Amino acid sequence: DQQKLLEVVSDDYIKGNKEAKVTVVEYLDFECEACGAYYPVVKALMDEFGQDVRFVTRYFPLPGHKNSVPAALAVEAAAKQGKYWEMHDLLFTEQKSWGEKPTANPKIFEDYARKLGLNMEQYAKDVSSKESKARVDRDKNAGTRLGVSGTPSFFVNGSKIPNPKGLEDFKTFIKAELQKSAPTEAAKEASPSSTASPTP
């Protein structure tokens, strides 16, 4: 069941090599400060391993954050106009100016939508649509079934990993998986030749 929930589907948001043998899935909350701290780390990983790794991000808004659901819906509305990653990046770079507020303020996300040049009439429809809410809920429900309770939560090739201490630590997890998936030329070379005779 866990592997099925982590399977990459056609409307997942993916960066990197879509055919890669190594997949990193991140469940995130745009208002979560820890997610904000990991944002440059994940971005650096995408830059370095984009040819060999498929990076997938999924919504997991936490109930303690007043703007987490409005933020996720704003990103989903931007995605419908082909600007998922632009809104994703903008919300994290601007997180300090909109996060940790006592009440929800969807208006601020309208300003970001304008900044990205979105069609505002379409944005208004999409941000409040049942479809957008269902898309966010789908990720959240899958994450809950996978045992996600906090953000960010990372899965590398189907296994949940402890949150890395930093970029180098994260690279270790990825390199280990890349090594597993690489063809073992060394193993072929090490196999004994058929002409070899045993020593007496």
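In this predicted model, the strand β3 supplies 3 residues to the lining of the second largest cavity, which is the largest share that any element gives to that lining. That cavity is a good place to begin a tour of the empty spaces in the structure, after which the report turns to a pair of packed helices, a salt bridge and two details of the backbone.

## The cavities

The second largest cavity has a volume of about 40 Å³, and the residues that line it are V24, E26, V42, L45, F55, V56, T57, F154 and F170. Two or more of these residues come from each of the elements β2 (22–28), α2 and β3 (53–59). When the lining of the second largest cavity is sorted by class, it divides into 7 nonpolar residues, 1 polar residue and 1 charged residue.

A search of the whole structure finds 2 cavities of 30 Å³ or more, and the largest cavity has a volume of about 80 Å³. Of the 13 residues that line the largest cavity, Y39, V42, K43, M46 and H88 are the closest to its centre. The helices α2 and α4 each supply at least two residues of this lining, and the largest share, 6 residues, comes from α2. By class, the lining of the largest cavity holds 7 nonpolar, 2 polar and 4 charged residues. V42 is a residue to look for in both places, since V42 is named among the residues closest to the centre of the largest cavity and also appears in the lining of the second largest cavity.

## The pockets

The largest pocket contains about 180 Å³ of space, and its lining is formed by D1, K4, L5, E7, V9, D12, Y27, R58, R138, D139, A142 and R145. Two elements, α1 (2–6) and α8 (130–145), give two or more residues to this lining, and α8 gives the most, with 4 residues. In the lining of the largest pocket there are 4 nonpolar and 8 charged residues, and no polar ones.

The second largest pocket has a volume of about 150 Å³, and its lining is made up of E31, E33, G36, A37, Y39, F92, T93, Q95, K96, G99 and E100. At least two residues of that lining come from each of α2 (33–49), α4 (84–93) and α5 (95–98), with α2 giving the most, 4 residues. The classes in the lining of the second largest pocket are 3 nonpolar, 4 polar and 4 charged residues. Y39 belongs to this lining and is also one of the residues closest to the centre of the largest cavity.

The table below sets out the volumes of these spaces.

| Space | Volume |
|---|---|
| Largest pocket | about 180 Å³ |
| Second largest pocket | about 150 Å³ |
| Largest cavity | about 80 Å³ |
| Second largest cavity | about 40 Å³ |

## Two packed helices

Two packed helices are described by the angle between their axes and the distance between the axes. Helix α3 (residues 68–79) packs with α4 at an angle of about 150°, and the axes of the two helices are 7 Å apart. Angles over 145 degrees count as roughly antiparallel, and therefore α3 and α4 are roughly antiparallel to each other. On the side of α3 the contact is made by A71, A74, V75, A78 and A79, while on the side of α4 it is made by Y84, M87, H88 and L91. These contact residues divide into 8 nonpolar and 1 polar, with no charged residue among them. H88 takes part in this contact, and H88 is also named among the residues closest to the centre of the largest cavity.

## A salt bridge between distant parts of the sequence

The count for this model comes to 16 salt bridges. One of them joins D1 to R145, with the closest N and O atoms 3.3 Å apart. D1 lies in the segment before α1 and R145 lies in helix α8, so the pair ties together parts that are 144 residues apart in sequence. Both D1 and R145 also line the largest pocket.

## Two details of the backbone

Most residues other than glycine have a negative phi, and most peptide bonds are trans. The peptide bond from T151 to P152 is cis, with omega near -10°, and P152 is found in the loop between α8 and β4 (153–156). E100 is not a glycine, yet it has a positive phi of about 55°. E100 lies in the loop between α5 and α6 (107–115), and E100 is also one of the residues that line the second largest pocket.

Key
Residues numbered from 1 in each chain as written. Predicted model: local features only at pLDDT ≥ 70, side-chain atom pairs only at ≥ 80, totals over all residues. Heavy atoms only, no water. 1 Å grid on protein atoms, 1.4 Å probe; cavity = no way out; pocket = protein on both sides within 12 Å on 5 of 7 lines; lining within 4 Å. Points joined across faces, edges and corners; volume = space filled by probe spheres on them. Nonpolar A, V, L, I, M, F, W, Y, C, P; charged D, E, K, R; others polar. Axes fitted to C-alpha atoms, helices over the stretch in contact; angles between N-to-C directions. Parallel < 35°, antiparallel > 145°, perpendicular 65-115°, else oblique. Contact = heavy atoms within 4.5 Å. Salt bridge = Lys/Arg side-chain N within 4 Å of Asp/Glu carboxyl O.
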